[in-house]
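Got your viewer open? Let's take a short walk through the model, one selection at a time.

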Amino acid sequence: MSLKKITLDHHEVVCQQGETVLDALLRENIDIPYSCKQGACQSCMLRCLQGTPPVAAQNGLKDVLRQQNHFLACLCYPQQEMVISLSPHADFFTEATVIDKQRLNAETLLLTLHTKEALDYFAGQFVNLKRADGLMRSYSIANNRVHANTLTFHIRRLGGGRFSEWAHQELKIGDTLAVSNPQGLCYYLPNNKEQNMLLVGTGSGLAPLAGIVSEALHHGHHGTIHLFHGSREMDGLYWVEEMQQLARQYPNFHYTPCVSRGDAAVGVALGRANEVAMSILPNLKGWRIYLCGHPDMVNQTKRQVYLQGANLQDIYADAFHVASATLD
Amino acid sequence: MSETSTTLYEQLGGEVAVNAAIDIFYRKVLSDSRISYFFDNVDMEKQAAKQKAFLTMAFGGPNNYSGADMRQAHAHLVQKLGLTDVHFDAVLEHLSTTLQELNAPQNLINQVTTIAESTRNDVLGK
């Protein structure tokens, strides 16, 4: 009973009784990263694709990593056969048809796709959208988990952006695209509905955040939820009325649109979204944080929310790195 | 149990103590403008995990730290950002005040400081 087969890519290793997965892999000279061998440094984190990792091997990992069967090889004494992987899942694609295209503002398109196969995603995750010629970009899913075959995306037109330009100009209702399996760790799990949540997004960073808010409210999340959406100027904001309407409907949901330049309309804060949020909510001890959008904003705010009391385990972030040059 | 039969790590409270300490220690380091810029372009979660491994070692806990690893890991900071004794001292200061805030006895704090001090030459590439 004590020998367990471990499969990593094309290697098959037998884990002896009392031996960790890390030791078994190293014994077979399989090159995997590791350092402390005691569950602290997390450099030997692997993902289990088949089988379940022992709970003890997930000690100290964030909830979303545990939920996706990540584990630490140095703490893992397998209880069953396991198929494991060093890298995330390879992309698998399903076909999707464009069922709607709408303008959200001058530069952002709301694209709605219907996928052939239902996708098992969490609000806040992203997929890769692939055109027939192979051109591919990552986009966050903007709706909640209830719509298993329907996915919406906010496609921001970027100067020189080949995919976004094409999606805006040429893609038509009825056209098909390939959609990858959902990816990413910045998503909502309904495991602590009391917890207060702060969400800060810039530009089309609103897409995953709107999905997360909708998902949380759908699950009856009753902690306070604060959403700050920032843009440079008024014309970069969108979904203002929809979010305001949601805030009227749910007393625990608060929405603050922010612009960093020019004139702010009534109800819009003047300043960068992250800075406005940090000054309104100085104490974030115990809060869950979601940050999406410009990489500089995401990285700065990550540090700031931590210094204002949030635990690292409660910070979920998705920095939007873009292929083309212009994005503020 | 007498002091001779428990390790420094056990006396400090093991992993629970490391977790409590990391929370205070890493915030102190990131709030200190003398040293915070060394962490500007690092992944915070990976860094926190490294800090935890470091604290575990300094607390006398199980570890696989080697001098060569420490040297290699900090070499770019020494060369490109001018990491020196001043910065190392600042980190030791935060380590010590962290333990004071957790009400650790002074004799244990001294032992932790001694272990951390033993990495100085490797960290600074001397």
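Helices are DSSP runs of H or I with at least four residues, strands are runs of E with at least two, and both are numbered from the N terminus. Select chain A and colour by secondary structure: there are seven helices and 17 strands. Keep in mind that this is a predicted model, where local features need pLDDT of at least 70, side-chain atom pairs count only at pLDDT 80 or more, and totals for chains, interfaces and linings use all residues. Residues are numbered from 1 along each chain as its sequence is written, while chains are lettered from A and ligands numbered from 1 in the order in which they are written.

Stay on chain A and show the C-alpha trace, which spans about 65 × 50 × 35 Å along its principal axes. The radius of gyration, taken over C-alpha atoms, is 21 Å for chain A, which agrees with the value near 20 Å for a compact globule of 328 residues; the globule rule is 2.2 Å times the number of residues to the power 0.38.

Next, colour chain A by domain. The bounds, from an automatic or database domain assignment, give domain 1 (4-85), domain 2 (93-180) and domain 3 (197-319). The centres of domain 1 and domain 3 of chain A, taken over C-alpha atoms, are 36 Å apart.

Now jump to chain B and pick B:Asp23, in helix α2 (residues 14-31). Is B:Asp23 buried or exposed? It counts as partly exposed, because it has 15 C-beta neighbours inside 10 Å (buried takes 20 or more, exposed 12 or fewer, with C-beta atoms placed from the backbone). Finally, add B:Lys52: it sits 29 residues from B:Asp23 in sequence, with 9.5 Å from C-alpha to C-alpha.
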